[in-house]
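Here's a short set of exercises to work through with the model open beside you. Try each task before you peek at the solution.

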Amino acid sequence: YYHVRKHRELDAPPIVAWQSAFTDATGQLQLPPMVADPESFRMCFLPCEFRRVNRTGIELHGSRYWHADLAPLLNSPESAMVRYDPRSRGAIWVR
């Protein structure tokens, strides 16, 4: 029902907007390009918080995380961006 009903922002049904966006000059439907790095793409949508790295690692939501790769960030004056998956608290990603 949603895909065939006129959308007020698109001023067309979503299926029509999709088809017109991905139809080339010859009238052939082209698939959208694949994401080059799916893991990085997924990371962009995970929530993030900024945390300082101290000698015990990073504390986030009552858990502490440590890895040897965090050592260069110890006592840095700047906070690190920490991404996490709210469905699984077993790992974090630090940028």
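The exercises below go through the core, a surface patch, the backbone, the cysteines and the salt bridges of this predicted model.

**Exercise 1. The core**

Find out which residues make up the largest nonpolar core, and which strands supply at least two residues of this core.

*Solution.* Start with the members: the largest nonpolar core has eight residues, namely Val53, Ile58, Leu60, Tyr65, Leu70, Val82, Tyr84 and Ile92. Next, look at the strands: at least two residues of this core come from strand 2 (58-60), and at least two from strand 4 (80-85). Now pick Leu70 and skip its neighbours within four places in sequence; you're left with contacts to Val53, Ile58, Tyr65 and Val94. As background, nonpolar side chains in soluble globular proteins tend to be buried together.

**Exercise 2. A patch on the outside**

Work out which residues make a nonpolar surface patch of about 250 Å².

*Solution.* The patch is made by Val4, Ile15 and Val16. Take Val16 and place it: this residue sits in helix 1 (residues 14-21). Then check its cover: with a relative accessible area of 41%, Val16 is partly exposed.

**Exercise 3. Positive phi without glycine**

Asp11 and Asn75 aren't glycines, yet each has a positive phi. Say where each one is found, and whether it's buried or exposed.

*Solution.* Go through them in turn. Asp11 has a phi of about 60 degrees and is found in the segment before helix 1. Its relative accessible area is 54%, so Asp11 is exposed. Asn75 also has a phi of about 60 degrees, and its place is the loop between strand 3 (63-65) and strand 4. Asn75 counts as exposed too, at 65% relative accessibility.

**Exercise 4. The cysteines**

Why isn't Cys44 bonded to Cys48?

*Solution.* First, recall that a disulfide is a covalent bond between the sulfur atoms of two cysteines. Second, check the distance: the closest cysteine sulfur to that of Cys44 belongs to Cys48 and is 10 Å away, so the two are too far apart for a bond. For a disulfide, the sulfurs would have to be within 2.5 Å. Third, widen the search: the whole structure turns up zero disulfides. Finally, compare the cover: Cys44 counts as exposed at 55% relative accessibility, whereas Cys48 counts as partly exposed at 33%.

**Exercise 5. Salt bridges**

How many salt bridges are there, and which residues are linked in a network?

*Solution.* Begin with the idea: side chains of opposite charge can pair when their charged atoms come close. The count comes to six salt bridges. One of them joins Lys6 and Asp11, at 3.0 Å from N to O, and both of these residues are exposed.

Now for the network, which links Glu39, Arg42, Asp85 and Arg87. Take it piece by piece:

- Arg42 pairs with Glu39, with their closest N and O atoms 3.3 Å apart. Both lie in helix 2 (residues 38-43), three residues apart, or about one turn of the helix.
- Arg42 is partly exposed at 31% relative accessible area, and Glu39 is partly exposed at 41%.
- Asp85 and Arg87 meet through their side chains at 3.0 Å, N to O. Here the cover contrasts: Asp85 is buried, with a relative accessible area of 9%, while Arg87 counts as exposed at 71%.

How values were computed
Residues numbered from 1 in each chain as written. Predicted model: local features only at pLDDT ≥ 70, side-chain atom pairs only at ≥ 80, totals over all residues. Heavy atoms only, no water. Core = buried A, V, L, I, M, F, W, Y, C linked by side-chain atoms within 4.5 Å. Buried < 20%, exposed > 50% of the residue type's maximum accessible area, 1.4 Å probe, protein only. Helix = DSSP H or I, 4+ residues; strand = E, 2+ residues; numbered from the N terminus. Contact = heavy atoms within 4.5 Å. Patch = residues over 30% accessible without salt bridge, like charges linked within 9 Å, V, L, I, M, F, W, Y side chains within 5 Å. Areas by Shrake-Rupley, 256 points an atom, 1.4 Å probe, with all protein chains shown as cover. Salt bridge = Lys/Arg side-chain N within 4 Å of Asp/Glu carboxyl O.
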